[in-house]
Amino acid sequence: MLPREREKNCPWTFSHYPLVPVIFSSRRYVAGGQCKSAAKLDGKVVIITGANTGIGKETARDLARRGARVIVACRDVAKGEAAASEIRAETGNQQVIVKKLDLANTKSIREFAENFLAEEKELHILINNAGVMLYPYSKTADGFEMHLGVNHLGHFLLTFLLLERLRQSAPARIVNVSSLAHHGGRIRFHDLHGDKSYNRGLAYCHSKLANVLFTRELARRLQGTKVTANSLHPGSVRSELVRHSSVMTWLWKVFSFFLKTPSEGAQTSVYCAVAEELDSVTGQYFSDCQPAYVSPRGRDDETAKKLWHVSCELLGIQWD
């Protein structure tokens, strides 16, 4: 049969459906960068916060497939067990363990860290992934505004408590999941907890800027230790993160084609955790598995240092 005759007899040709290539091309663009590294993680210990769902779960799946011992640190243990069971069955890696961690409660964070340090002798990768978005105004158990408390202060304290184990296990990596939303943030030292004015969209942006600044200052302080710290934007992902806003939930459903899947959204987290070319790279911000632009506020070293000291004061810790 001649090529043109085959085309006539086949309804699924690009010439009959000219938009199909455009759709496929658009979808590939939305999917973004992919982690190409084939690095194995046998013998490595990883903690991923919020790994019971979304990009955290997909990050856990990928690292478990590489052979890592993965600690799924999450508030909802039942949901965490379901995710871990699914990952163990799919990857054949039985070293996927669920531990209770509520980042909105410093007591829970300290208990998690204490138990981990008693049970695990090494920690090679810490992925601070969990977060809240568009949360109605409320406070954590310790009186912190919810976005600041969970997204920044909770992970700040967790990293502080686990840092010595990371140093002992070096080379080690700390990966902080931030967002493009950090461009809209500012650190409002005069009203960190939103007592004077509050906008939940901006509160999220402020907390994501705090992630970038924390990473920057942490990397500076860890120079020469073989422990690196980098932050990232995962992309706009179809996940439960927008569940606190009915409008955003509706928009996410309507425009789902233009959003990354959780697996696609996890690619930059995985890249920052395993890519061999990042062995000595620290203090950087990534998107789609490549370096990305940081807002001027995210490059302000004085603000980063001040935020560090204020965070220590709020948490009652000394971290010099």
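1. The element I would start from is an open sheet of eight strands, in the order β3-β2-β1-β4-β5-β6-β7-β8, whose pairing is mixed. At its edges stand β3 (96-100) and β8 (290-291), each of which pairs on one side only. Please keep in mind throughout that this is a predicted model.

2. As to the overall make-up, the protein has eleven helices alongside its eight strands, and 52% of its 320 residues count as buried. Among the contacts with a separation of 6 or more, 76% are between residues 24 or more positions apart.

3. Within the sheet, β1 pairs with two strands that can be described in some detail. With β2 the pairing is parallel and runs over five bridges, and here isoleucine 48 stands opposite valine 72 of β2. With strand β4 (residues 125-128) the pairing is again in the parallel sense, over three bridges, and valine 46 has isoleucine 125 of β4 as its bridge partner. As for covering, β2 is mostly shielded, since five of its six residues are buried.

4. Two helices that lie across the sheet deserve a look in the viewer. Helix α4 (residues 77-91) lies across β2 and β3, and runs at about 175° to β3. Helix α10 (residues 267-274) lies across β4, β5, β6, β7 (285-287) and β8, and its direction is at about 160° to β5.

5. Which residues have the most contacts inside the largest nonpolar core? They are Ile47, Phe156, Leu162, Leu166, Ile174, Leu218 and Trp319, in a core of 47 residues. Two or more residues of this core come from each of β1 (45-49), β2 (69-74), α5 (106-119), α6 (146-168), β5 (172-177), α7 (200-221), β6 (227-233) and α11 (301-315). The largest share, ten residues, is given by α6. A second core, separate from this one, has 33 residues, including Ile55, Leu63, Ala266 and Cys289. As a general background to both, nonpolar side chains in soluble globular proteins tend to be buried together.

6. Tryptophan 319 merits its own point, as one of the residues with the most contacts inside the largest core. If neighbours within four places in sequence are left aside, tryptophan 319 is in contact with Phe156, Thr159, Phe160, Leu163, Phe214, Leu218, Arg221, Trp308 and Cys312.

7. How are α6 and α11 packed against each other? Their axes are 11 Å apart and the angle is about 80°, which means that α6 is roughly perpendicular to α11. On the α6 side the residues involved are His152, Leu153, Phe156 and Leu157, and they meet Leu307, Trp308, Ser311, Cys312, Leu314 and Leu315 of α11. By residue class, this contact comprises eight nonpolar residues and two polar ones, with no charged residue.

8. Finally, a charged residue that a reader might wish to inspect is glutamate 58, which lies in helix α3 (residues 54-65). Is glutamate 58 buried or exposed? Its relative accessibility is 17%, and because buried means under 20%, glutamate 58 counts as buried. Not counting residues up to four places away in sequence, glutamate 58 touches Pro262, Ser263 and Ala266; of these, Ala266 is also included in the second core.

Note on methods:
Residues are numbered from 1 along each chain as its sequence is written. This is a predicted model: local features need pLDDT of at least 70, side-chain atom pairs count only at pLDDT 80 or more; totals for chains, interfaces and linings use all residues. Side-chain values use heavy atoms; hydrogens and water are left out. A nonpolar core is a set of buried Ala, Val, Leu, Ile, Met, Phe, Trp, Tyr and Cys residues joined through side-chain atoms within 4.5 Å. Buried means under 20% relative accessible area, exposed over 50%, partly exposed in between (1.4 Å probe, protein chains only). Helices (H or I, at least four residues) and strands (E, at least two) are DSSP runs, numbered from the N terminus. Contact means heavy atoms within 4.5 Å. Axes are lines fitted to C-alpha atoms, for helices over the stretch in contact, and angles run from 0 to 180 degrees between N-to-C directions. Angles under 35 degrees count as roughly parallel, over 145 as roughly antiparallel, 65 to 115 as roughly perpendicular and the rest as oblique. Ala, Val, Leu, Ile, Met, Phe, Trp, Tyr, Cys and Pro count as nonpolar, Asp, Glu, Lys and Arg as charged, and the others, Gly among them, as polar. Two strands pair if DSSP finds at least two bridges between them.
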